[in-house]
Amino acid sequence: MPNLITLRNVSKMFRRGREQVHALNDISLQIQVGEFVAVVGPSGSGKSTLLNIIGAMDLPSKGSVQLVDKELVQLNEKELTHTRANTIGFVFQQFFLQPTLTARENVLLPTLFSKQKQPESRADELLARVGLADRSNHLPDELSGGEMQRVAIARALINQPKILLADEPTGNLDSQNAQSIYTLLDELHQDGLTIITVTHSEELAARAQHRIYLRDGCIDKEKRNE
Amino acid sequence: MNLFTLSLKNLQRRKLRSGLTMAGVGIATAALFSLLSFNSGFDRALKEEMSNSGIHMLVSTEGCPMEAASLALHGGEIPKFLDARRLPEIRDVPGIRTATGMLIFSLIEDEGRAIYFYGVDDNYRDLKPHWKIDGEWFTGADSIILGAEAARVEKRKVGDKVYFPGIDAEFTVSGILQRTGSEDDGFFYLPLATAQKAFKKEGKLTGVGVSLADVEQFEQVKSQIETLPDVYVVSRDQIMQQISAITASSKTLMAAVLIVALTVSFLGVINTVLMSVFEMLREFGYMRCIGASPGHIFRIVVFETLLLCLGGGIFGVSFGMLFSSVTDQWLHNILPYAPAGEFILFDPLIIIASVLFVTFGGLLAGIIPGLKAANASPMEAVRNA
């Protein structure tokens with residue numbers, strides 16, 4: 001399978017007061033099209049920083065990040081925005097649903113910023129796909145945590161991204177709701193979507209075919225299922 | 001759904017705050033609308049009043065022409081009087097259509113209400129061709145004609161007697177003016193000679209109202225009248241200019257208050273939207289994560305301020321129109337000179353101008369919060385997650 005993401009000697013440093021923090025230290029890795037990747041490691045190991053750099057939300061201090069055919073460090077702000085809108089779908093632990101928008105409107109939100117055609121029918125398809133067709137007109141505070149995360153996943157998929165980035169997608173869910181998210185991510189992976197998730201959940205990590213273990217900003221070990 | 005509806009829904013999240021901000025803009029807009037209407041309405045009412053007075057020029061004694069002009073329109077009294085012998089001499093000046101002698105006096109009644117008397121001769125009717133009188137013109141020396149409002153307040157009808165203890169005189173109502181909508185409605189009209197006798201001003205006049213046969217001959221007529229001893233001529237335009245000058249300081253004060261009100265309301269809008277921007281920085285950051293550009297975020301915020309100001313503007317103009325009669329009454333009370341008639345009328349241009357002004361102000365007020373929001377980093381959302 002061709003590489004979708006290639007990181008070469010990526011380091012990320014930032015200042016915390018007078019202290020220089022090395023969040024990532026000389027990371028090189030490749031992620032192939034259609035892989036289900038879990039990034040695991042203790043808190044402060046650099047998992048989220050790695051996800052942010054892959055997601056074009058942050059740029060490395062050193063090294064290069066190739067996403068599909070683009071070198072992210074060479075893109076300007078407009079091109080980075082376009083990349084985030086059309087290549088990447090984001091799912092976060094806190095869901096970040098707009099409280100005044102219905103589930104359907106939340107799913108449609110990213111299409112306001114892209115040039116997606118007929119987004120309404122796709123939003124309905126996605127809501128059906130995540131099992132929320134009958135909840136599409138409900139506001140977030142009328143939904144359970146699991147339902148909100150499924151809406152967030154549908155929203156991440158509305159612009160037909162090549163990669164789904166999920167930062168602790170089950171971190172705020174009970175085990176039953178977490179289970180439904182695992183199943184959904186599995187299904188999306190089986191459909192060919194590339195998924196990269198940061199997780200503390202061993203169960204979710206175990207489902208991934210490619211696991212990257214980080215420690216102190218470095219790759220401690222990397223495992224791929226054969 | 002579009003960015004505009006997204007902004008609207010954001011505002012709905014903070015109903016009380018948005019409502020209060022909108023009310024602030026609304027009050028400032030109502031003030032703006034009222035001031036613009038007043039500026040236009042005052043000039044119009046003044047022109048109408050001058051036109052209804054039928055006087056092209058007013059001849060009075062030297063030293064108090066403007067007071068005399070004001071009296072001719074509003075009633076009252078002044079200490080200097082014109083010799084009544086000037087009246088036939090003025091009538092003899094070529095180019096004059098009508099010249100009518102007037103003696104104007106006020107009387108304060110026990111309850112503190114001022115009554116304005118107009119002593120006029122028969123020629124006065126030529127200056128008031130639009131007058132419609134129920135009853136008759138003066139039928140004798142003891143007859144009186146009441147303005148419509150004066151008759152209403154005095155509860156008198158044609159044929160009734162009316163007694164004024166201040167001058168110890170009783171008159172018979174020979175006619176009542178039909179409502180004119182001008183100051184004329186509030187006056188009590190007496191035959192000139194009766195008024196001179198009642199107020200002990202025999203042979204005296206407050207002034208002579210002159211109507212010209214041809215307005216183009218104004219300067220020639222004026223020059224000839226001014227050859228008469230102890231007279232001074234003011235034109236209708238001069239009276240209007242003088243009145244406008246008297247009112248200018250009030251208008252300036254009102255404009256200053258308005259500028260303060262508008263500034264405070266726009267600062268209120270900036271504050272409200274800025275507060276919501278600070279509260280929503282994470283959400284904006286998240287929107288940046290899902291593909292919103294700084295321009296998208298800027299527009300969302302500017303639309304919010306636009307909606308606040310547009311809503312406030314529409315509310316303010318409606319409020320201003322709804323309470324226009326109250327504002328009218330207040331302006332009539334506070335101004336040093338206020339012509340009769342309504343100042344605040346339904347003028348589509350002023351309505352549109354008021355709403356457009358606050359909407360444009362809203363756009364400007366949205367710039368600072370918009371830029372702040374547009375700078376929200378996508379990292380803002382995830383770093384604090």
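# A walk through a predicted two-chain model

Visitor: Let's start with A:D186. Which helix is A:D186 in, and is the residue buried or exposed?
Guide: A:D186 sits in helix α6 of chain A, which covers residues 175–190. Keep in mind that this is a predicted model. The relative accessibility of A:D186 is 17%, and the cut-off for buried is under 20%. So the helix is α6(A), and A:D186 counts as buried.

Visitor: Which residues does A:D186 touch, apart from its neighbours within four places in sequence?
Guide: One spot to look at is A:A208, 22 residues away along the chain, whose C-alpha atom is 8.6 Å from that of A:D186. For actual contacts, leave out anything within four places in sequence. What remains for A:D186 is A:F36 and A:R207.

Visitor: On to the strands. In the open sheet of chain A with 4 strands, which are the edge strands?
Guide: The order in that sheet is β2-β1-β4-β5, with antiparallel pairing. An edge strand pairs on one side only. In this sheet of chain A, that picks out β2 and β5 (70–71).

Visitor: What is the bridge partner of A:T6 in β2(A)?
Guide: Strand β1 of chain A, residues 3–16, runs antiparallel to β2(A), and 10 bridges join the two. Look across to β2(A) from A:T6, and the partner you find is A:Q30.

Visitor: Which residue in the turn between β9(A) and β10(A) has a positive phi?
Guide: Strand β9 of chain A (residues 210–215) and β10(A) run antiparallel and are joined by 6 bridges. One of the pairings puts A:Y213 opposite A:K221 in β10(A). The two strands make a hairpin with 2 residues between them. The turn residue with a positive phi, about 50°, is A:D216.

Visitor: How many residues apart are A:R224 and A:E35 in the chain?
Guide: These two form a salt bridge, with their closest N and O atoms 2.7 Å apart. A:R224 belongs to strand β10 of chain A (residues 218–224), while A:E35 is in the loop between β2 (19–32) and β3 (36–40) of chain A. The pair therefore links distant parts of the chain, with A:R224 partly exposed at 36% relative accessible area and A:E35 buried at 5%. Along the chain, they are 189 residues apart.

Visitor: Which helices of chain B does the pair B:R13 and B:E283 tie together?
Guide: B:R13 and B:E283 form a salt bridge, the closest N and O atoms being 2.7 Å apart. The partners are 270 residues apart in sequence, so the bridge ties together separate parts of chain B. B:R13 is partly exposed, at 28% relative accessible area, whereas B:E283 counts as buried at 15%. The helices of chain B in question are α1 and α10.

Visitor: B:K157 forms a salt bridge with B:D160. Is B:K157 buried or exposed?
Guide: In that pair, the closest N and O atoms are 3.8 Å apart, and the cut-off for a salt bridge is 4 Å. For B:K157 the relative accessible area is 56%, and exposed means over 50%. B:K157 is therefore exposed.

Visitor: Now for where the chains meet. What area is buried between chain B and chain A?
Guide: The contact involves 24 residues of chain B and 22 residues of chain A. B:M1, B:Y286 and B:I290 supply 29% of the area that chain B buries there, more than any other three residues. Carbon and sulfur atoms give 68% of the total between the chains, which is about 2300 Å².

Visitor: Which element gives the most to the side of chain B that touches chain A?
Guide: Between the two chains, 7 residue pairs are in polar contact. The elements giving two or more residues to the side of chain B are α1 (3–13), α10 (281–289), α11 (294–322) and α15 (378–383). With 6 residues, the top contributor is α10(B).

Visitor: Which residues are linked with B:R288 in a network of salt bridges?
Guide: The structure holds 21 salt bridges over all chains, and 2 are found across the interface of chain B and chain A. In one salt bridge, the side chains of B:R288 and A:E77 meet at 2.4 Å, N to O. The network linked with B:R288 takes in A:E77 and A:R84.

Technical notes: Residues numbered from 1 in each chain as written. Chains lettered and ligands numbered in written order. Predicted model: local features only at pLDDT ≥ 70, side-chain atom pairs only at ≥ 80, totals over all residues. Heavy atoms only, no water. Contact = heavy atoms within 4.5 Å. Buried area = accessible area lost by both parts, 1.4 Å probe. Polar contact = N/O pair within 3.5 Å; in protein donor to acceptor, adjacent residues only side chain to side chain. Buried < 20%, exposed > 50% of the residue type's maximum accessible area, 1.4 Å probe, protein only. Pairing = 2+ DSSP bridges.
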